[in-house]
Structures are given as C-alpha cells and as structure tokens.
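Colleague: I'm new to reading protein models. Could you take me through this one, a question at a time?

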Amino acid sequence: ENEARQVDVLVIGSGPGGYTAAKRAADAGLHVAVVERNRIGGVCTNVGCIPSKALISEAHRFEIRGQSNINFEEVQSFKNAIVNKQSNGVGFLLKNKNITVFHGEARFINDHKAIVDNMDSEIHIRFEHCIIATGSRPIELRAFPYGGRILSSTEALDLNQVPESLIVIGGGYIGIELGQTFARFGSKVTILEGADQILPGFEADMTRPVVKKLEENHVDIYTGALADRVEHLQDQVTVHFKENGNERHVTAQFVLVTVGRRPNTDGNLGLERIGIQLTDRGLIPVDEQCRTNIPHIFAIGDIVAGPALAHKASYEAKVAADALTHRHAKVDYKVLPLVVFSDPEVASAGLSETEARARGMEVVTGRASYGINGRALALRASEGFVKIVAEKETERIIGAQIVGSEASNLIAELALAIEMSATLEDIALTIHAHPTLGEIVMEAAEAAIAKGRRG
Ligand code: FAD
C-alpha cells in the first residue's frame with residue numbers, strides 16, 4: 001500500500017468546489033483523484049444549502065396548509081432522502097468520469113505529495129497539480145461552546161423535534177433562514193443581531209418585507225444586540241446580551257449560533273509544511289486564476305476571500321481547472337448573486353445603488369412592485385419589489401435587487417443581463433410571458449428608462 005499513486009490532479013474536498021473542479025479537469029482528459037474525509041458533496045449537499053432548502057420549503061408548505069400539528073419525523077425523512085440522493089448523485093458523477101475517490105483525511109508531505117489517512121491505511125499520492133477545496137466550518141464563540149443545547153447549523157438541521165423555543169445568535173442569512181423555518185414550524189424564536197439591521201450587507205428597504213414577515217411569524221428581533229454569556233438551567237438556557245448597551249436576557253430550549261464560518265486551512269492539512277501562505281483570518285491568498293503562492297497548487301471556495309457560497313466555489317472550480325489545462329480563464333466577480341431563502345426571498349446581483357454611487361458612477365434606477373402583478377396576486381405573494389440599477393449615460397444594467405417570491409430564480413435573468421452588458425431596453429423589449437413574475441423585472445426596466453429620460 002505504501003507505493004505512491006500518481007495522478008495529474010489531486011482535489012482535496014468533495015464540496016461544490018472540489019467536485020466541480022474534479023469533473024472539469026477529468027472532462028479535459030486528466031487523471032483526477034478526490035479526497036474526502038466526510039460525506040461526498042461537502043457542506044453544501046450534506047449540512048448546508050440542500051438540507052436547509054428542504055426544511056425551508058417544508059415549513060412553507062406547512063404554513064400555507066394552516067395545519068396545527070407538524071409531523072416533524074416526516075419532514076426530516078424527506079430532507080434526509082434529498083440529501084442522500086444528492087450526495088449519491090455526486091458520487092455517481094465522479095465515478096462516471098473515472099475520478100478516483102479516496103476516503104480519508106489528506107495531508108501534504110511536500111508540494112508534490114500527500115498522504116490520505118483513513119482508519120486502517122495510509123495512501124500516498126503524488127500529484128502534478130493540486131486543487132485545495134477543504135471548505136469551512138461554523139465559527140464557535142468562546143462564551144457559547146457547541147454541545148448540548150448550544151447548536152451550530154449542522155445540529156439545528158438535524159433536530160428530531162421542533163424546539164419549543166430557540167434563540168438565534170447572528171441575523172445573517174443562515175440565522176434568518178433557519179430561525180424563520182423553525183418559527184414557521186411553531187418554535188418561539190428570538191434573533192440577536194449585532195449590527196443595526198438583520199441581513200447586514202443588504203440595503204435596509206430590502207430587508208423590511210422580511211422583518212414584517214418574521215414579525216408575523218412571532219419572531220422577536222433584537223438588533224444592536226451582543227450576546228455575552230449563557231446560563232444553563234434544567235431544560236433551558238438563558239442568554240444574556242446587551243442591546244445598545246442595556247443588559248437583557250432571554251430564555252429558550254436551544255441556542256443556535258450562526259455568526260459566520262472559518263476556513264478549514266488549519267489542523268493536519270500541513271499547508272505551512274509546504275509553504276502555502278495564509279492571511280490572518282486563515283484564508284489562502286490566490287491570484288485571478290485561483291493559484292496559491294505555489295503555482296501548481298490552487299485554492300477555491302470557502303477557503304479563499306469572498307462570500308462563502310456554493311456557486312462561488314463551483315465558479316472558481318471551473319476557472320482553476322481551466323487554468324491548469326492551459327485554457328484562458330480568470331475570475332470576474334462582477335455578477336456574483338447573493339440570495340437569502342427567507343420568506344420573502346432576497347436576491348441581489350452586481351452593484352446596489354449605494355455601491356454604484358460610492359464608486360462615483362452616475363446611475364438611474366427603476367423599481368416595480370409585486371403588488372400590481374397578476375401572477376403575484378394569484379400566488380398570494382404581493383409583497384416585494386424588483387429594483388434595477390443602470391449606468392445613466394449608456395443605460396447598461398450594472399446591478400439588480402429583488403425582494404419577493406421567487407427572487408432566487410428571477411435574479412438569474414438580471415445576472416445574465418449584467419454579465420452580457422445588456423441595456424434597460426434589452427430587458428424592456430424582451431417579450432416576457434404573461435402572467436409571470438418575470439413581468440415585474442420587465443416593468444422595473446421600463447420604469448428606469450422612463451425615469452432616466454425624464455432627466
Ligand atoms: P465544502 O462544501 O465545505 O466542502 C469541503 C469538503 O472538504 C468537506 O466535505 C470536508 O469534509 C472536506 N475536507 C476538508 N478538509 C479535508 C481534508 N484534509 N481531507 C479530506 N477532506 C477534507 N451556499 C449557497 O450558495 N447557497 C445556499 O443556499 C447555502 N446555504 C447554506 C446553508 C447552511 C446551513 C450552510 C452551513 C451553508 C450554506 N451555504 C450556501 C454555503 C455553502 O455550503 C458553502 O459555501 C459551500 O459548501 C462551500 O463549498 P466548498 O467546496 O468550498 O467546501
């Protein structure tokens with residue numbers, strides 16, 4: 001077993017970054033191996049995007065049906081079935097592409113050699129190129145160590161009962177998605193967010209419809225709230241926090257901590273051993289082809305700068321795989337969609353009006369609301385709006401923000417528009433089927449044209 005296997009490309013991690021890179025390199029004719037220490041598919045498939053969206057849509061269905069009791073066991077088995085299907089699907093994909101999968105933990109020996117440790121053996125692998133895609137894990141707060149009643153997103157997704165009450169520390173997208181989901185299933189939810197609004201990073205008018213809906217879901221939201229300690233009672237926990245300087249506390253059955261994620265660049269991986277640089281936050285600095293300071297070793301996904309999102313990881317995967325097969329590729333984050341799967345959904349691509357103006361650009365914006373759209377009314381989804389930001393002079397679309405039903409799907413048209421430097425007229429004169437939510441996008445473009453030409 002100690003003889004080294006030889007591969008063209010070693011990919012460490014099988015999340016959306018790793019499996020996409022492996023597939024693309026294999027499609028280019030290279031001999032590829034993937035190492036995974038946990039389940040195939042990474043965080044996204046197993047404990048991230050996929051299970052969270054399964055629970056979100058079940059919570060939505062439950063709320064719409066107006067039933068009083070939830071069969072949570074059924075919900076969890078629905079979610080688990082989807083996760084298994086997706087994880088197996090990634091496994092089949094790798095197999096079909098003749099990609100070797102090694103189960104175990106990878107560590108670097110030198111810059112052309114790694115060892116995979118699993119329970120009963122050590123596999124030595126020599127590689128020409130390596131793509132590191134080891135992802136991230138939840139940040140743990142010192143005052144709120146995980147275990148027992150203090151949950152990370154991973155445990156929260158796997159609860160076998162709907163908690164009676166839940167405190168969520170951190171009102172970013174993961175906290176809002178999971179907090180609202182449990183509230184819809186019947187938990188009494190309290191959200192503590194340190195910034196002055198939930199979903200910091202989105203413009204305030206986009207978060208307002210979400211706040212309104214959270215209030216309908218009986219969620220208590222504290223902003224400017226810093227959690228500082230926890231007290232364990234018999235079957236509950238009390239979280240003490242300061243809200244704009246005032247001492248407060250709240251008691252619940254569980255605490256969910258969603259304050260961000262940290263890159264898996266430490267531990268046994270051995271990056272320092274081979275001289276790969278890290279930033280002080282543990283991220284790997286890369287160039288525009290995702291190369292580390294060692295040119296035949298690439299890094300992608302949650303371990304490099306930028307928002308920790310699955311589609312960013314898979315995008316970088318394509319760029320890195322192309323770079324090592326000598327195809328011209330470099331990253332361009334001009335569009336990068338950001339989506340929150342709250343109710344209503346929030347999505348943005350490109351620049352916001354504020355960001356564009358901060359860059360000194362002269363812009364025109366157009367806005368159209370869901371309230372007058374026939375399809376939205378039929379869907380009982382009349383809350384929300386589409387906003388388009390264009391360069392004033394050229395009418396080129398540079399950004400878009402949507403809050404409302406199906407924002408996650410509607411943003412795709414605008415992402416393509418930005419990517420292709422489309423103008424407001426391109427959208428306004430594209431025939432959009434009637435009655436669809438897409439017509440709101442068309443109307444926002446028309447509104448921007450009218451506003452811009454009025455002066
Ligand atoms: P990961 O998916 O983290 O995969 C890395 C893999 O590498 C892991 O499986 C790990 O076991 C393995 N690994 C690490 N070190 C080693 C080693 N030394 N040897 C072998 N294997 C190793 N993103 C979205 O875009 N949309 C969403 O809706 C969304 N929802 C989310 C919801 C939740 C609750 C969470 C937690 C995250 C969500 N994300 C979402 C973020 C998304 O999951 C991540 O951005 C994405 O998974 C990152 O992909 P990656 O390939 O960089 O790494």
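Modeller: Sure, let's start with a sheet: 3 strands form an open one, with antiparallel pairing, in the order E12-E13-E14. Strands here (E, at least two residues) and helices (H or I, at least four residues) are DSSP runs, numbered from the N terminus, and two strands pair if DSSP finds at least two bridges between them. Keep in mind that this is a predicted model, where local features need pLDDT of at least 70 and side-chain atom pairs count only at pLDDT 80 or more, while totals for chains, interfaces and linings use all residues. Residue numbers start from 1 along each chain as its sequence is written.

Colleague: Which strands stand at the edges of that sheet?

Modeller: Look for strands with a single partner strand, because one side of each is then left without a neighbour in the sheet. On average, neighbouring strands are turned by 25 degrees against each other, direction ignored; axes are lines fitted to C-alpha atoms, for helices over the stretch in contact, and angles run from 0 to 180 degrees between N-to-C directions. The edge strands are E12 (225-232) and E14.

Colleague: How many bridges hold E13 and E14 together?

Modeller: E13 covers residues 237-243 and E14 covers 246-252, and they pair in the antiparallel sense. Thr238 stands opposite Thr251, and Val239 has Val250 as its bridge partner. The count for the pair is 7 bridges.

Colleague: Which residue in the hairpin of E13 and E14 takes a positive phi?

Modeller: This hairpin has 2 residues between the strands. The phi in question is near 45 degrees, and the residue that takes it is Asn244.

Colleague: There's another sheet with 5 strands; what is its order?

Modeller: This sheet is open too, and its pairing is antiparallel. Strand E18 (338-340) and strand E20 (363-369) are its edge strands, as each pairs on one side only. The twist averages 10 degrees from one strand to the next. Reading across, the order is E18-E19-E22-E21-E20.

Colleague: What helix touches E18, E19, E21 and E22?

Modeller: It spans residues 407-419 and packs on the sheet, with its direction at about 175 degrees to that of E22. Contact between two residues here means that their C-beta atoms, placed from the backbone, lie within 7 Å. Another helix, H13 (residues 438-454), lies across E20 and E21 at about 140 degrees to E20. The one you asked about is H11.

Colleague: How many residues of E22 are buried?

Modeller: A residue is buried if 20 or more other C-beta atoms lie within 10 Å of its own, exposed if 12 or fewer, and partly exposed in between, with C-beta atoms placed from the backbone. E22 pairs with E21 over 7 bridges and with E19 over 5 bridges. It is mostly covered, and the buried count is 8 of its 8 residues.

Colleague: Which residue of E22 is the bridge partner of Gly350?

Modeller: A couple of other pairs help you find your way along E22. Ile388 has Ala400 as its bridge partner there. Val389 stands opposite the very residue you want. The partner of Gly350 is Gly399.

Colleague: Why does Gly171 count as buried?

Modeller: Gly171 sits in the loop between strand E9 (165-169) and helix H6 (173-185). Leaving out residues up to four places away in sequence, Gly171 touches Ile176, Ile191, Glu193, Ile198 and Leu199. Gly171 is buried because its count of other C-beta atoms within 10 Å is 27.

Colleague: Is Ile176 buried or exposed?

Modeller: Ile176 is in helix H6. Among the residues Ile176 touches are Val210, Val340 and Ser342. Ile176 has 28 C-beta neighbours inside 10 Å, so it counts as buried.

Colleague: How far apart in space are Pro435 and Asn373?

Modeller: Pro435 lies in the loop between helix H12 (424-428) and H13. Pro435 is partly exposed, with 14 other C-beta atoms within 10 Å, and touches Gly374 and Arg375, not counting residues up to four places away in sequence. Pro435 and Asn373 are 62 residues apart in sequence, but C-alpha to C-alpha the distance is 7.8 Å.
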